[in-house]
Amino acid sequence: MKIQINNLTKKYGDKVVFENYTNTFEFNGILIIKGASGLGKTTLMRLIAGLEKANKGEIQKDAKTISFMFQEDRLIPFISVLK
């Protein structure tokens with residue numbers, strides 16, 4: 001699988017998380033992104049998964065779906081395991 005990120009900029013108000021970030025991730029299976037707290041790992045994954053929109057730039061991926069795990073539990077109280 002390949003994820004291509006070109007000139008990505010993401011801001012929350014005045015806080016700049018990424019500015020003109022470009023990278024290519026090529027992998028088969030599982031990709032792990034790790035680093036110190038506050039570097040933008042979760043924001044990057046939310047952008048790749050389409051849960052957030054970038055202020056500028058583009059993300060191209062050759063997969064129909066992207067899955068990732070949140071740092072904290074994300075149980076949905078109104079849905080059972082069976083559903």
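Me: In which loop does Glu52 lie?
Reply: Happy to look at this with you; keep in mind that the model is predicted. The place to search is after a helix and before a strand, and Glu52 sits in the loop between α1 and β3.

Me: Is Glu52 buried or exposed?
Reply: The relative accessibility of Glu52 is 18%. Buried means under 20%. Because 18% falls under that cut-off, Glu52 counts as buried.

Me: Which side chains make polar contacts with the side chain of Glu52?
Reply: Let's take the two partners in turn. With the side chain of Arg46, Glu52 makes a polar contact of 2.8 Å. The other polar contact has a length of 2.6 Å, and its partner is the side chain of Tyr12.

Me: Which residues does Glu52 touch, not counting residues up to four places away in sequence?
Reply: Two of them you have met already, as Glu52 has side-chain polar contacts with Tyr12 and Arg46. The full list of residues touched by Glu52, with that same exclusion, is Lys10, Tyr12, Arg46 and Leu47.

Me: Where is the place of Tyr12, and is Tyr12 buried or partly exposed?
Reply: Tyr12 belongs to strand β1, which covers residues 2-12. Its relative accessible area is 37%. Buried would need a value under 20% and exposed one over 50%, so Tyr12 is partly exposed.

Me: What distance separates the C-alpha atoms of Tyr12 and Asn55?
Reply: Along the chain, Tyr12 and Asn55 are 43 residues apart. In space, the separation of their C-alpha atoms is 9.4 Å.

Me: Which residues are in contact with Gln4, leaving aside its neighbours within four places in sequence?
Reply: Gln4 is another residue of strand β1, and its relative accessible area of 16% makes it buried. One partner, Thr24, is joined to Gln4 by a side-chain polar contact of 2.4 Å. With near neighbours in sequence left aside, the contacts of Gln4 are Thr22, Asn23, Thr24, Glu58, Ile59 and Gln60.

Me: Which residues of α1 are buried, and what covers them?
Reply: In α1, the buried residues are Thr43, Leu44, Met45, Leu47 and Ile48. Strands take part in covering them: the cover includes β1, β2 and β3.

Me: What is the phi of Gly50, which follows α1?
Reply: Gly50 comes after α1, and its phi is positive. The value is near 85°.

Me: What is the phi of Asn7, and what is the phi of Asn20?
Reply: Most residues other than glycine have a negative phi. Asn7, in strand β1, has a positive phi near 50°. Asn20, in strand β2, also has a positive phi, and its value is near 55°.

Me: How many aromatic pairs does the structure hold, and what is the angle between the planes?
Reply: The structure holds 1 aromatic pair. Its members are Phe18 and Tyr21, with 5.3 Å from centre to centre. The pair is tilted, and the angle between the planes is 35°.

Me: Which residue is buried and which is partly exposed, Phe18 or Tyr21?
Reply: Phe18 has a relative accessibility of 9%, and Tyr21 has a relative accessible area of 23%. The cut-off for buried is under 20%. Therefore Phe18 is buried, and the partly exposed residue is Tyr21.

Me: What is the volume of the largest pocket, and which residues lie nearest its centre?
Reply: The volume of the largest pocket is about 560 Å³. Its lining counts 22 residues, by class 13 nonpolar, 5 polar and 4 charged. Helix α1 (residues 41-49) gives the largest share of that lining, 5 residues. Nearest the centre of the largest pocket lie Leu31, Met45, Ser67, Phe68 and Met69.

Me: How much space lies in the second largest pocket, and which residues are the closest to its centre?
Reply: The second largest pocket holds about 170 Å³ of space. Of the 11 residues that line it, the closest to its centre are Ser37, Gly38, Leu39, Gly40 and Lys41.

Me: How many residues of each class are in the lining of the second largest pocket?
Reply: The elements giving two or more residues to the lining of the second largest pocket are β2 and α1. By class, that lining has 3 nonpolar, 6 polar and 2 charged residues.

Conventions
Residues are numbered from 1 along each chain as its sequence is written. This is a predicted model: local features need pLDDT of at least 70, side-chain atom pairs count only at pLDDT 80 or more; totals for chains, interfaces and linings use all residues. Side-chain values use heavy atoms; hydrogens and water are left out. Helices (H or I, at least four residues) and strands (E, at least two) are DSSP runs, numbered from the N terminus. Buried means under 20% relative accessible area, exposed over 50%, partly exposed in between (1.4 Å probe, protein chains only). Rings of Phe, Tyr and Trp (its six-membered ring) pair if their centres lie within 6.5 Å; planes under 30 degrees apart count as stacked, over 60 as edge-to-face and the rest as tilted. On a 1 Å grid over the protein atoms alone, a cavity is a set of points where a 1.4 Å probe fits but cannot get out, and a pocket is an open set with protein on both sides within 12 Å along at least five of seven lines; lining residues have an atom within 4 Å of a point. Grid points are joined across faces, edges and corners, and a volume is the space filled by probe spheres set on the points. Ala, Val, Leu, Ile, Met, Phe, Trp, Tyr, Cys and Pro count as nonpolar, Asp, Glu, Lys and Arg as charged, and the others, Gly among them, as polar. A polar contact is a pair of N or O atoms within 3.5 Å; within protein, one must be able to donate a hydrogen and the other to accept it, and residues adjacent in sequence count only if both atoms are side-chain atoms. Contact means heavy atoms within 4.5 Å.
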